[in-house]
Amino acid sequence: MAGAAILGRRVIWRVGTVVALRDETATARTITLEVPDWPGHVAGQHVDLRLTATDGYSAVRSYSIASAPNSEGRVELTVERFRDGEVSPYLTQELAVSDRLELRGPIGGWFVWRTQQTEPIQLIAGGSGIVPLMAMLWSRVSASSTAPFRLLYSVREPGAVFYRDELQRLSDQSSVTLTYAYTRAAPKNCPRPPGRIDATLIANTTWASKRAPTCYVCGPTSFVETAANLLIVAGHDPNRIRTERFGPTGDRK
């Protein structure tokens, strides 16, 4: 596949080479791409990925960037496989190191965390909605930011957690407060039984509204709407709640 430079207001398609693959869960894989002419990105942005078959048919999907900005021109994407997906099965089961992929971006300017921000940050993720929030966490570390971060991560069960080891290290070493909310099965030592996020969980684990945090919420549409509403009920300023949602097509993962 070749990259096409598109002039005018349209975005340039670039070619990235797969240099590493890492399984996050039984159904999710992180793809590391080396993109020589990558212009750089901000944590929270995403890319469009285009796959083209030998018969000329092409499919485009959007995926959040999982990695912090870096000078090596490397971009990490974490893709969750859907049983009936058109693109995700290939990316998570067939893609190999040295393969090439077309991508365009970075895209997005609202759902981003910039290293100049110093206010408290509240991250709330549902399932694979953790991906762009992970980029924010890594960016905080790489920038040596002292902005206080908290993460509330809602996930079905322990085996479905993305970046488990990395999250634990960040929690242990960089003063990030990490809370898991398991919805179907929780580990034996979990203080909270399985269940969806609710007002009590928001009140006990997130920044108080008087601290005026900026809140980033990402996940399935219903999860994002519920979490954002709970934050508003808890007194948070709606203008300080930024949301990113995805649907059944697997976009923005």
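## Exercises on a predicted fold

Pro106 lies in strand E6 (residues 100–107). Strands (E, at least two residues) and helices (H or I, at least four) are DSSP runs, numbered from the N terminus. Residues are numbered from 1 along each chain as its sequence is written, and side-chain values use heavy atoms, with hydrogens and water left out. The model is predicted, so local features need pLDDT of at least 70 and side-chain atom pairs count only at pLDDT 80 or more, while totals for chains, interfaces and linings use all residues.

**Exercise 1. Look at the peptide bond between Gly105 and Pro106: is it cis or trans?**

Step 1: find the omega angle, which is about 5°. Step 2: name the bond; Gly105 and Pro106 are joined by a cis peptide bond.

**Exercise 2. Find out how confident the predictor is about the protein chain, and where the pLDDT is below 50.**

Step 1: start with the average. pLDDT is the predictor's confidence in each residue, from 0 to 100. Its mean over the protein chain is 92, and 93% of the residues reach 70 or more.

Step 2: now hunt for the weak spot. Residues 1–9 have a pLDDT below 50. In the model this stretch has 20 contacts beyond near neighbours in sequence, where contact means heavy atoms within 4.5 Å.

Step 3: decide how to treat it. Where pLDDT is low, the predicted coordinates should not be read in detail.

**Exercise 3. Describe the whole protein chain: how many helices and strands are there, and how compact is the chain?**

Step 1: count the elements. You should get 5 helices and 11 strands.

Step 2: check the radius of gyration (taken over C-alpha atoms) against the globule rule, 2.2 Å times the number of residues to the power 0.38. The radius is 18 Å, close to the 18 Å that the rule gives for 253 residues, so the protein chain is as compact as a globular protein of that length.

Step 3: add the outline. The C-alpha trace spans about 55 × 40 × 30 Å along its principal axes.

Step 4: look inside. Of the 253 residues, 50% count as buried; buried means under 20% relative accessible area, exposed over 50%, and partly exposed in between (1.4 Å probe, protein chains only). Among contacts with a separation of 6 or more, 70% are between residues 24 or more positions apart.

**Exercise 4. Work out which residues of helix H5 (residues 221–233) are buried, and what covers them.**

Step 1: size up the helix. H5 has 13 residues and reaches 18 Å from first C-alpha to last, close to the expected 18 Å. The expected span is 1.5 Å times one less than the number of residues.

Step 2: list the buried residues: Phe223, Val224, Ala227, Ala228, Leu230 and Leu231. They cover an arc of only 160° around the axis, so they sit on the same side of H5. The arc is that of the directions from the helix axis to the C-beta atoms.

Step 3: turn H5 around. Ser222 and Val233 are exposed on the other side.

Step 4: find the cover. It includes strands E7 (121–126), E8 (149–155), E10 (214–220) and E11 (241–246), plus helix H4 (199–205).

Step 5: see what follows. Gly235 comes after H5 and has a positive phi, near 100°.

**Exercise 5. Try the same with helix H3 (residues 164–173): which residues are buried?**

Step 1: pick them out; Glu166, Leu167 and Leu170 are buried. Their arc is only 100° around the axis, which puts them on the same side of H3.

Step 2: check the face turned away from the buried side. Asp165, Asp172 and Gln173 are exposed there.

Step 3: name the cover, which includes strands E1 (13–23), E8 and E9 (177–182), and helix H2 (130–142).

Step 4: look just past the end of H3, where Ser175 takes a positive phi of about 60°.

**Exercise 6. Tyr163 and Ala212 have a positive phi although neither is a glycine; where is each found, and is each buried or partly exposed?**

Step 1: take Tyr163, with a phi of about 55°. Tyr163 is in the loop between E8 and H3 and is buried, because its relative accessible area is 3%.

Step 2: take Ala212, with a phi of about 50°. Ala212 is in the loop between H4 and E10 and counts as partly exposed, because its relative accessibility is 35%.
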